[in-house]
Amino acid sequence: MLIYRRFLKNLFLILLVCLFVSACSNPDSKEELSSISSKSLKQDQKDFVNNTEASVKDQKKQPSEQLVASNRKLVKTAELQLETKKFDKTISALEKSVSSSSGYIESNHISGTSIMEKYSSNDSEQSPSRTANYTIRVPSTNLNEFLYNLNKIGNVISKTISTDDISNQYFDTETRMKSLKIQEDRLLNLLKKAGSLKDILEIEKQLTDVRYEIESLTTTLKTYDSAVNYSTINLFINEVSSITDTTPPITIGDRIGVTFKQNVDAIVSGFKNTTVFLIGNSLMIIIWFAIIAVGYFITRKAIKKYQA
C-alpha cells in the first residue's frame with residue numbers, strides 16, 4: 001500500500017512537469033504572456049500621464065501660497081547722473097566703493113578731454129568735457145548703502161530707482177521644473193519595466209525631451225536669481241568746472257539770494273576769463289600795440305609831410 005502511494009505521487013509530479021513544459025513550448029501561450037506584459041506597460045504609461053497631470057494641477061496651486069509665505073522676487077535698477085570737478089578722484093573713489101560693496105563693474109566707458117587740457121588748448125569750446133558711463137552690479141542688500149556713498153564722491157543731480165516684481169514668473173518656472181522632475185522619475189521607473197525595444201526607445205525619447213526642458217528652466221531660474229540678488233546701477237558721470245546747486249529755493253528771499261549769487265558768479269567768472277585772456281595773450285597784445293603804434297607814427301609823419 002505504501003509503495004502504491006509513492007507511485008501515484010511520483011506520477012502526479014511527472015504530469016505537472018510535462019504540462020509546464022508543454023505550456024512553455026506553446027507559441028500561443030507566449031503571445032498571451034507578451035500581450036499581458038504589453039497591456040501592463042500601457043496601463044503604467046496611462047497611469048503615469050494621469051498622475052503627472054494631477055501633479056501639475058496640484059503644483060499650480062502653490063505659487064500664490066509661496067508668494068505670501070516667502071519674500072517676493074524683486075529686480076531693482078537705479079539710474080543716476082553725477083557731476084564732479086575732480087574727475088580722476090571721483091572715478092578712483094567709485095571703483096573702491098564698488099569693491100567695498102562686494103559688487104563688480106559690468107561695463108564702463110570714459111571719453112572726452114579734461115577741463116585743464118581744454119583751457120590750455122585753442123579749441124576749448126569744441127572739445128567735450130570728460131564723461132564716464134558705468135554699469136555696476138551690487139548685492140541688493142547693499143544697494144541703499146552704495147547709493148548713499150555716491151553722494152560723497154560727487155554731486156548727484158538726478159536719481160531714478162525702478163523695481164520689477166518677477167515673483168509670478170519665478171514661481172511658475174520653479175513649479176514647472178518640479179513637475180518635470182516628477183515626470184523624469186516616473187519615466188525612469190517605466191524604463192525599468194519596459195520589455196520591448198520599441199517601448200524603450202519611446203521612453204528614452206521622452207526622457208531626453210524632459211531633461212532638455214529641465215536644463216532650460218534651470219538656466220532661466222539662475223538668470224532670475226542673478227537679477228534679484230544683484231541690483232543694476234547705470235551711472236553717468238560728467239566733469240564740470242562748477243557744481244550745480246540742486247537745492248530748490250523755497251521763499252522769495254531764497255530766490256533773490258540765488259539770483260544774486262548767480263550774477264556774482266557770472267561777474268567773477270567774466271573777470272577771471274578776462275584776466276586769463278589778457279595775461280595769457282599779453283605777448284600778442286604787446287606786439288599788436290607796437291605794430292599799431294608804429295603805423296600810427298608813420299601815418300602821422302606822412303600826413304605832416306603831405307601838408308607841408
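**Strand pairing, aromatic pairs and salt bridges**

Tyr230 has a relative accessible area of 29% and is partly exposed. This value, like those below, comes from a predicted model. The chain has 308 residues, of which 23% count as buried. Its secondary structure comprises ten helices and five strands. The exposed area of the chain is about 22400 Å². Carbon and sulfur atoms contribute 58% of that area. Contacts were also sorted by sequence separation. Of those between residues at least 6 apart, 83% connect residues at least 24 apart.

Strand E1 spans residues 74-84 and pairs with strand E4, residues 155-165. The pairing is antiparallel and extends over ten bridges. Strand E1 also pairs with strand E5, residues 230-239. Here the strands run parallel, and eight bridges join them. Glu79 appears in both pairings. Its partner in E4 is Thr160, which stands opposite. In E5, the residue opposite Glu79 is Asn234. In a regular strand, side chains alternate between the two faces of the sheet.

Aromatic contacts were examined next. The structure contains three aromatic pairs. In one of them, the ring centres of Tyr104 and Tyr230 are 6.0 Å apart. The planes meet at 50°, so this pair is tilted; the tilted class lies between the limits of 30 and 60 degrees. Tyr104 belongs to strand E2 (residues 104-111) and Tyr230 to strand E5, so that the pair links distant parts of the chain, 126 residues apart. Tyr104 is partly exposed, because its relative accessible area of 37% falls between the 20% and 50% limits. Its partner Tyr230, at 29%, is partly exposed as well.

Tyr170 and Tyr224 form another aromatic pair, also described as tilted. Their ring centres are 6.1 Å apart, with 45° between the planes. The two residues sit in different helices: Tyr170 in H7 (residues 167-193) and Tyr224 in H8 (residues 197-229). They are 54 residues apart, and the pair links distant parts of the chain. Tyr170 has a relative accessible area of 7%, under the 20% cut-off, and therefore counts as buried. Tyr224, at 21%, is over that cut-off and so counts as partly exposed. Phe171 joins Tyr170 and Tyr224 in one aromatic cluster. Tyr170 has a charged neighbour too. The charged end of Lys73 sits over the Tyr170 ring, 4.7 Å from the ring centre.

Backbone geometry was also inspected. Most residues other than glycine have a negative phi. Ser102 departs from this pattern, with a positive phi near 65°. This residue is found in the loop between helix H4 (87-100) and strand E2. Ser102 is partly exposed, with a relative accessible area of 47%.

The whole structure holds seven salt bridges. One of them joins Arg137 to Glu106, with 3.4 Å between the closest N and O atoms. Arg137 lies in strand E3 (residues 131-139) and Glu106 in strand E2, so the bridge ties together parts 31 residues apart in sequence. Arg137 is buried at 9% relative accessible area. Glu106 is partly exposed at 46%.

A salt bridge also connects the side chains of Arg130 and Glu239, at 3.1 Å from N to O. Arg130 is in the loop between helix H5 (115-120) and strand E3, while Glu239 is in strand E5. This pair spans 109 residues and links distant parts of the chain. Both Arg130 and Glu239 are buried. Together with Asp88, they are linked in a network of salt bridges.

The side chains of Arg211 and Glu184 meet in a further salt bridge, 2.8 Å from N to O. It connects helix H8, which holds Arg211, to helix H7, which holds Glu184. The two residues are 27 apart in the chain. Arg211 counts as partly exposed, at 37% relative accessibility. Glu184 counts as buried, at 17%. Helices H7 and H8 are thus linked by this salt bridge and by the aromatic pair of Tyr170 and Tyr224.

Conventions:
Residues are numbered from 1 along each chain as its sequence is written. This is a predicted model: local features need pLDDT of at least 70, side-chain atom pairs count only at pLDDT 80 or more; totals for chains, interfaces and linings use all residues. Side-chain values use heavy atoms; hydrogens and water are left out. Two strands pair if DSSP finds at least two bridges between them. Helices (H or I, at least four residues) and strands (E, at least two) are DSSP runs, numbered from the N terminus. Buried means under 20% relative accessible area, exposed over 50%, partly exposed in between (1.4 Å probe, protein chains only). Contact means heavy atoms within 4.5 Å. Accessible areas come from the Shrake-Rupley method with a 1.4 Å probe; for residues, only the protein chains shown count as cover. Rings of Phe, Tyr and Trp (its six-membered ring) pair if their centres lie within 6.5 Å; planes under 30 degrees apart count as stacked, over 60 as edge-to-face and the rest as tilted. A charge sits over a ring if NZ of Lys or CZ of Arg is within 6 Å of the ring centre and within 35 degrees of the ring normal. A salt bridge is a side-chain nitrogen of Lys or Arg within 4 Å of a carboxyl oxygen of Asp or Glu.
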